[in-house]
Amino acid sequence: MQFEAGPLLSQITTPEDLRKLPKSDLPQVCDELRQFIIDNVSVNGGHFGASLGVTELTVALHYVFNTPDDQLVWDVGHQAYGHKILTGRRENFHTNRLMGGISGFPKRSESPFDTFGVGHSSTSISAALGMAVASGYKKETHRQHIAVIGDGSMTAGMAFEAMNHAGDIPNNMLIILNDNCMAIDPNVGALKEYLTDITTSHTYNKVKDDVWNLLGKMSKFGKTAQEIVSKIENGLKATLLNQSNLFESLNLRYFGPIDGHDIDNLTTVLNDLKDIPGPKILHCITTKGKGYSLAEKDQTLWHAPGKFDKTTGEIHKKTYDDPQPPKYQEVFGHTLLELAEKNPKIMGITPAMPSGSSLNIMMRAMPDRAFDVGIAEQHAVTFSAGLATQGLTVFCNIYSSFMQRGYDQVVHDVCLQKLPVIFCLDRAGLAGADGPTHHGLLDLAFMRCVPNMIVAAPRNEQELRNIMYTASLDSFKNHEKAITIRYPRGEGVMPAWRTNFEEIEIGKGVQLVEGEEIAILSIGHIGNEAIAACEMAREQGLKPALFDMRFVKPLDEELLHRVFTQFKKVITVEDAAIQGGFGSAIAEFMVDNHYTSQLIRLGIADEIVEHGEQKELYALCGIDANGILAKIQVNVSSQTAKNNPKALVS
């Protein structure tokens, strides 16, 4: 559904159009932009609160700076909807996050205004610094470079690494710290307290305003005045805040805090900062969800609420006559608490995703045993390793694609030391509308090659509960290995999911369907598509066998010897990268054991999969029930096909 933009916004196709407007029109532009976002997200879904919170900042940045020649980098990109609308994508915004439509995140191939592709946090300062240094090297001294980063993203080590480097080399970069005390969930940690100290120091802010007025008159007094004001301001920060300024100590000129919703002052300040050379940081205070009262009050819920009634605020949820399966993350959260109530050694860790992973269930019940460590995947892994050295049973829950950021720590700090950390990788496989930055396609490949690592993928909620239970037992520590348990985003398949716990033998698969001539080997949730494919094949007179391997490492070699002795054709199915993953593991087994069966591998090809609904992407990649059935059909013998004409129908 498309919405009409307001009278001013409808005139803006590019920021050049915005810059033609008088400054007095900017408040109305902000109102119309905010309303356009509310209209579209309420009907089409998507991220919500973050973009509302930076509406004024977005307009001010594109009004003051000559984008895209001046390069603007958004961190993560949850907050970039206003940016997309102002940069030529207003007419297509209704396709946001839909298959074939525009991306929900900035994307270089989509627009020259998207200077850097994002989706994972804390990359903006590094990227903008690289751009600034490149411009300096090319003598493009007129160009400005702006990184917009939230206080949540600022907690990541990468942001500090970039700031440390920025303060040590010549560059023309402005960091906008968008401080709203939120990521997806409320921010945690000492940095949050530090920023709060700055923003609530009335004495400092009052005196700072006088200093800022001096800075605005700098051009009248020259470089000497600039140096004097800098020293005065630094002294004020150190004296009035009773501590040195963190950013100034990194050689970043610090300005603020200022009201991030005051469009008039924002444009004035940004214009002033354009004339101040060197790396600098502007601290803006904003409210996530600004302009929509419900989003302001419950910022976690309204981060990405789905479709809703913009008038009443009622979030639309599908209703069903029969009980429906829960989300895998909910099964994880409730199961972990259930296990922790019985086992005092269990601890839970997540890097800034307590609601997304459902670790918040345990955090509410046992705050001393469940930790949100902030956007810091590397720290989450090594913190878990430290806990494990003391005999604790640690469940470290990280989204699959975010696990990529902590890989060195998995290898060096966990597996080399034979520590039994339990990695629960949420959003494994095709993650849906969030697209390629969030698809968890690489975990099977990069985890199975690490020594002292077990890799499991449950097919349903019962399997998830049982493998979690197995990994929580003291006897599991005898393996002296870590374990990766991967599961997808969204719903499972079992409405009655609260089953009794049963220990699973590590490395053992199960046969689900008896069959002849061709065998299917599946791993994880995608096995449910294989089950459906087998049912459809049976209706056509075909009889494929189906095995759920459950473990990619170690493989059930006893079962595989039986499969390759009995079947001359074998299909593997995985919702992961086909190179180096489950199918590759089966191929290696074949070669090592001199089997000559024909192997057909289904999975994600060596290419980027764009965004879309999970079912759409399963079909696109040929791993849904119909895609699996098609492979069964073309690989049955000619005699079978002759006896069953329907088997030839794709």
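# Exercises on cavities, helices and backbone

By class, six nonpolar, no polar and two charged residues make up the lining of the second largest cavity. The model used in these exercises is predicted.

**Exercise 1. The second largest cavity**

Find the residues that line the second largest cavity, and sort them by class.

Solution.
- Step 1. The cavities of 30 Å³ or more come to four. The second largest cavity holds about 40 Å³ of space.
- Step 2. The residues lining the second largest cavity are A456, A457, P458, E463, I467, I504, R550 and F551.
- Step 3. Ala, Pro, Ile and Phe count as nonpolar, whereas Glu and Arg count as charged. In the list, E463 and R550 are therefore the charged residues.
- Step 4. The result agrees with the tally of six nonpolar, no polar and two charged residues.

**Exercise 2. Two packed helices**

Describe how helix α6 and helix α7 pack, and name the residues in contact.

Solution.
- Step 1. Two packed helices are described by the angle between their axes and the distance between the axes.
- Step 2. Helix α6 covers residues 124–137 and helix α7 covers residues 157–166. Their axes are 8 Å apart, at an angle of about 30°.
- Step 3. Angles under 35 degrees count as roughly parallel, so α6 is roughly parallel to α7.
- Step 4. On the α6 side, the contact is made by I125, S126 and L129. On the α7 side, M158, A159, A162, M163, H165 and A166 take part.
- Step 5. By class, this contact has seven nonpolar, two polar and no charged residues.

**Exercise 3. Helix α25 and what follows**

Which residues of helix α25 are buried, and what covers them?

Solution.
- Step 1. Helix α25 spans residues 582–592, and its buried residues are F582, G583, S584, A585, I586, F589 and M590.
- Step 2. An α-helix has 3.6 residues a turn, so residues three or four places apart point the same way.
- Step 3. The cover over the buried residues of α25 includes the helices α21 (443–448) and α24 (557–566). It also includes the strands β13 (518–522), β15 (551–553), β16 (569–577) and β17 (598–604).
- Step 4. H594 follows α25 and is found in the loop between α25 and β17.

**Exercise 4. Positive phi outside glycine**

Compare A352 and H594: is each one buried or exposed?

Solution.
- Step 1. A352 has a positive phi, near 70°. For H594, which is not a glycine, phi is also positive, at about 65°.
- Step 2. A352 is placed in the loop between β6 (346–350) and α16 (354–357).
- Step 3. Buried means under 20% relative accessible area and exposed means over 50%.
- Step 4. A352 has 9% relative accessibility, so A352 is buried. H594 has 69%, so H594 is exposed.

**Exercise 5. Cis peptide bonds**

Where do P257 and P554 lie, and what is omega for the bond before each?

Solution.
- Step 1. The bond from G256 to P257 is cis, and its omega is near 5°. P257 is part of strand β4, residues 253–259.
- Step 2. K553 and P554 are joined by a cis peptide bond with omega of about -5°. P554 belongs to the loop between β15 and α24.

**Exercise 6. The second largest pocket**

Give the volume and the lining of the second largest pocket.

Solution.
- Step 1. The space in the second largest pocket is about 300 Å³.
- Step 2. Its lining has 17 residues, and those nearest the centre are P436, L441, L442, E607 and I608.
- Step 3. By class, the lining of this pocket has nine nonpolar, six polar and two charged residues.

Methods. Residues are numbered from 1 along each chain as its sequence is written. This is a predicted model: local features need pLDDT of at least 70, side-chain atom pairs count only at pLDDT 80 or more; totals for chains, interfaces and linings use all residues. Side-chain values use heavy atoms; hydrogens and water are left out. Axes are lines fitted to C-alpha atoms, for helices over the stretch in contact, and angles run from 0 to 180 degrees between N-to-C directions. Helices (H or I, at least four residues) and strands (E, at least two) are DSSP runs, numbered from the N terminus. Angles under 35 degrees count as roughly parallel, over 145 as roughly antiparallel, 65 to 115 as roughly perpendicular and the rest as oblique. Contact means heavy atoms within 4.5 Å. On a 1 Å grid over the protein atoms alone, a cavity is a set of points where a 1.4 Å probe fits but cannot get out, and a pocket is an open set with protein on both sides within 12 Å along at least five of seven lines; lining residues have an atom within 4 Å of a point. Grid points are joined across faces, edges and corners, and a volume is the space filled by probe spheres set on the points. Buried means under 20% relative accessible area, exposed over 50%, partly exposed in between (1.4 Å probe, protein chains only).
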